Amino acid sequence: MFTTLIAAGAAAAAPGGENPYGLEAALREGGIIAQSTFAILVLFLFFSLYILFTKLFEQQKIINQGKRVRSTFWSANSLREGAAKLEKNSAYRQIVDDGIAAQEQYAMLKDPVEAHDWLHGSLARSEASINSQLAGGLAFLATCGATAPFIGLFGTVVGIYRALIKIGAAGQASIDAVAGPVGEALIMTALGLVVAVPAVLAYNFLQRRNKAIAEQLNAFSTDVLGFLASDGRVRPEAKGKKGAKPPVTGTTTAGQAGGVQANA
């Protein structure tokens, strides 16, 4: 968009014919190097915006799931019943399912392992898997933010070099001889910044939101662990039900929601 505005402004300055100093003319005169540099930067910008909007959608989806968990999940009598209220592909549903699976697998262990350590490790792996998926694509944003200015600088150097060659060939520094290469160099510099700045801002913004989501998932995982390790006696208050005493369930066997069966 930035380069389009520049080209449009230059074209308006020279009505009645093709603008010899516009973007299209500069890229055509710059050859394969200028065109390749321009194409790489445009692709960087496109994929940066794509990652930004797709990650915002994923993050907002998990944030909305967390709101529903606080309002409905802990009012259920068991983890299985609460999980049934969550979306099938919910990040919170994954943590609950992994906790229940870890509880069932604990009964099959033959080596003496603390139930708390086993469940904590399983839930931590589940959290790490979700956080890894949320972080997907952020490395590309960081790469764009770090390399786009230098790619633009490469185009700038090539443009200045071509301008110097024209000066040497002409024997004098006339404006018409160097305007094209210098304009091409400035366009590459500007485009490199246009790509890098949004990529860096998007990376920092998404990272901050991922950190907040990870904290919410960790808190929920801790609550699930407390529920399992206490036979369902320890649970947070359901939203809108302050002062209500949580139901006390009896001792359950491994494979049922709530409770951990210790090895004899």
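## A buried glutamine in helix α2

A polar contact is a pair of N or O atoms within 3.5 Å. With that in mind, take a look at Gln59 in this predicted model: a polar atom of the Gln59 side chain lies 3.1 Å from the backbone oxygen of Leu206.

Gln59 sits in helix α2, and its relative accessible area is 1%. Because buried means under 20% relative accessible area, Gln59 counts as buried. Which residues does Gln59 touch, leaving aside those up to four places away in sequence? They are Leu134, Leu206, Arg209, Asn210 and Ile213. Leu206 therefore turns up twice for Gln59, as a residue it touches and as the owner of the backbone oxygen 3.1 Å from its side chain.

## Salt bridges within a helix

How many salt bridges does the structure hold? There are four, and here we can visit some of them, starting with Glu58 and Lys55, whose side chains meet at 3.2 Å, N to O. These two residues are three apart in helix α2, so about one helical turn separates them. Are the two partners buried or exposed? Glu58 is partly exposed, at 33% relative accessibility, whereas Lys55 is buried, with a relative accessible area of 7%.

Helix α4 offers another pair, Asp97 and Arg93. Their side chains form a salt bridge at 3.3 Å, N to O. Asp97 and Arg93 are four residues apart, which means that about one helical turn lies between them. Asp97 is partly exposed, with 35% relative accessibility.

## A salt bridge between distant parts of the chain

Arg68 and Glu87 also join their side chains in a salt bridge, here at 2.5 Å, N to O. This pair links distant parts of the chain: Arg68 belongs to helix α2, while Glu87 is in the loop between α3 (79–84) and α4 (91–106), 19 residues apart.

Both partners are partly exposed: Arg68 has a relative accessible area of 38%, and Glu87 has one of 36%.

## A nonpolar patch on the surface

Back on helix α2, which spans residues 23–72, you will find Phe47. Its relative accessible area is 38%, so Phe47 is partly exposed.

Which residues form a nonpolar patch on the surface? Phe47 is one of them, together with Leu43, Phe46 and Tyr50. Taken together, these residues have about 440 Å² of accessible area.

Technical notes: Residues are numbered from 1 along each chain as its sequence is written. This is a predicted model: local features need pLDDT of at least 70, side-chain atom pairs count only at pLDDT 80 or more; totals for chains, interfaces and linings use all residues. Side-chain values use heavy atoms; hydrogens and water are left out. Patches are made of residues with over 30% relative accessible area and no salt bridge: like charges are joined within 9 Å, nonpolar side chains (Val, Leu, Ile, Met, Phe, Trp, Tyr) within 5 Å. Accessible areas come from the Shrake-Rupley method with a 1.4 Å probe; for residues, only the protein chains shown count as cover. Buried means under 20% relative accessible area, exposed over 50%, partly exposed in between (1.4 Å probe, protein chains only). A polar contact is a pair of N or O atoms within 3.5 Å; within protein, one must be able to donate a hydrogen and the other to accept it, and residues adjacent in sequence count only if both atoms are side-chain atoms. Contact means heavy atoms within 4.5 Å.
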